[in-house]
Amino acid sequence: MIEINAQSIAFAILAVLTLGGGLGVVLNRNLFRGAIWLMVSLFGVAGIFVLLSAPFLAAVQVLVYIGAIAILITFAVMLTRSMTNLGERFVRRTAGIVVAVLLFFFILLGTILPVWGVDGTRYDDVSAPAENVATTRELGVALVDGNQFVLPFEVASLLLTAAMIGAIVIAREDEE
Amino acid sequence: MALQEFAPIGAMLLFAIIVASIVLVISRIFGPHHPTFRKTAPYESGMKPIGPGTRRIPVKFYLTAVLFIIFDVEVIFFFPWAVASRELSLLGLGVIGVFTFILLVGFIYEWKKGGMEWE
Amino acid sequence: MDCSSVVVCDLLRSGGMDPGLAMFIALLLGVVLVTTIPLVTVIFLIWVERKVAARIQDRLGPNRVGPFGLLQTFADMIKLITKENITPANADRVVYNFAPLLSVVSVVLIWAVIPFTPYHIGTDLEIGALYIVAVASLGTLAIMTAGWASNNKYALLGAFRVVAQLVSYEVPLVFALLVPIMLAGSMGMQDIVYAQAGMWFFFMVPLSAVLLFIASHAETGRGPFDLIEAESEIIAGFNIEYSGMKFGMFFAAEFIHVFTNAVLMAVFFFGGWWGPGALDAPLLALLYLGLKSAVIYFIYLWVRNTFPRVRIDQLLDLNWKFFVPLSIVNVLVVAFVLKILQELQIAVPLNASTNFLATIPMTVVLLLVNVAMTYALIAWLRNRGAKARQVDLANQHEDIVVAGAAGD
């Protein structure tokens, strides 16, 4: 049973923010307003990270997603021709509904299965979350530790380099 | 608990929004309000506005934003490392050095390709 | 949260109030106080700014309303409040009204993690420094939305210019911020202050301090980087369609931001509230922080009123081709030197950083490295400048020859 305390109230507010923002993105006819709704949604996600005792991820969420990705999206919106009024509506309603229901089903499955556990063990025991909470310092050590995340870490920089080169190739294509 | 640490921030957010809104409402009450066609027209140096106010922008702005995102993500990786740097061995420094070097290659490529020219 | 550390809370509880309620009231009072401090300070700051600007430009500045013109800002506020709020036709009303709110709120929220004294801080987050960067980036969003919602060409162009400027300069700003974090081994604001008990970080890594100063100056969009306003080109930029108090809020947000940056500089590089006797007397600590911030704020004003405006291509060139590489190299060099110092047992462990004498060897080495880097930079820049001038001269010469030939 869900207990009503500060945690659950905060979660309810943030969930409404996240989902409401998401709905705003999907239902809005104006691309720029859609981008703003996206920021609301992402802000809700940042709040949920805080609830999960992951303040570092929350700050990253705000810094990278709201402060950077959202800016990029607004820039991209401004690059398009008709940003304020989309011409014809996307009308394949049946296909849309089928895809939505399937997606919802898969997400539900993905959420429920890990909680149930495969062999009857439950993984939703959150009585001692403090043990799972890593500090930023531990994260820093783990990132450069040869036995932990050093390879993904270096690959991440490779990925960023690829993105940088991709951006210049796309943006400068027409000039040569 | 993270929630308790962040609760004051949430309260501050609410309070700041309320104060700012009150100021706006006060100015709405005390200020006159007589909009006319000419007054509400977009300002265009006194000329009649030509075309829509929002229009497409040059791609160079977009390129700057992409460059920014890449460095923003890079710096996120630097933060935990900076916090832990006192406890790490020289190897840790080497790892971050390689990380930076790979990015630097892309950076120099972008530079040489003219991605940072503003024309 | 511990009630015993909050004076008001203790007081209320001794009056026989429920501890939970007492804590809540104490929290509420704290929130109101921390939010009000920047909002009230800005009223005074606007007067200071105008006075200093006037003195630098050999004028008197406001001196009619109240003693020394101190009440000028209040007069201005009343004027702004009684002005008509014009919402342009075709503007996106909701977004248009939301933007000035966001710009003030994003700056005010930074104050949540600023340590005023050893015992007074909004909330001492483990990720304090990162929180500041994240919240400050919301201001960019406010400008973006303002420019778009106004439905004005100048506003949109101004907004895009500003956003390009702000996001660009955020990169060297954050990299410069990494250096004090590295030296303190923590992102918590109080930890950073305590780590400077023996020696201010400014004396260890002056180059990072200068980088942070310049980048934060660009972040506020003033001084030589005031393309935001550029009256001669885009009239007033993103806030052109804003009138009355809505314009006033953008204006106030900018002023608060500059002062916030001064306070942050004081915290990150000049020891924050730390000073003799600060641990025993919180008021003294607050005074130290105020004094340090005031001096840095004055330097911000000085720079703003002295340098001519740069062009946008110069601005972005300077950032991407100079500050960004420099700030990254700077972080790695400081990290390398720090590591060597640690291996040689010269670096002071964090728990002994209150000892002034113990920090001297480490400071000297770091300072020498910084001076060497700065010297190399200046030499390189001088060399480049000389070459550019020679090219210019040669071009000029050609021009003259060509002109002479055409005249014949």
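Chain A and chain B meet through 43 residues of A and 42 of B, where contact means that the C-beta atoms, placed from the backbone, lie within 7 Å. This is a predicted model, in which local features need pLDDT of at least 70 and side-chain atom pairs count only at pLDDT 80 or more, while totals for chains, interfaces and linings use all residues. Residues are numbered from 1 along each chain as its sequence is written, with chains lettered from A and ligands numbered from 1 in the order in which they are written.

On the chain A side, α1 (6-27), α2 (31-51), α3 (55-79), α5 (136-144) and α6 (150-172) each chip in at least two residues; helices here are DSSP runs of H or I, at least four residues, numbered from the N terminus. The top contributor is α6(A), with 15 residues. Sorted by class, this side holds 32 nonpolar, seven polar and four charged residues (Ala, Val, Leu, Ile, Met, Phe, Trp, Tyr, Cys and Pro count as nonpolar, Asp, Glu, Lys and Arg as charged, and the others, Gly among them, as polar).

Turning to chain B and chain C, 51 residues of B are in contact with 66 of C. Chain B brings in α1 (2-30), α2 (37-40), α3 (59-84) and α4 (90-112), each with at least two residues on the side touching chain C. Here α1(B) gives the most, with 19 residues. That side of chain B has 34 nonpolar, 12 polar and five charged residues.

Technical notes. Two residues are in contact if their C-beta atoms, placed from the backbone, lie within 7 Å.
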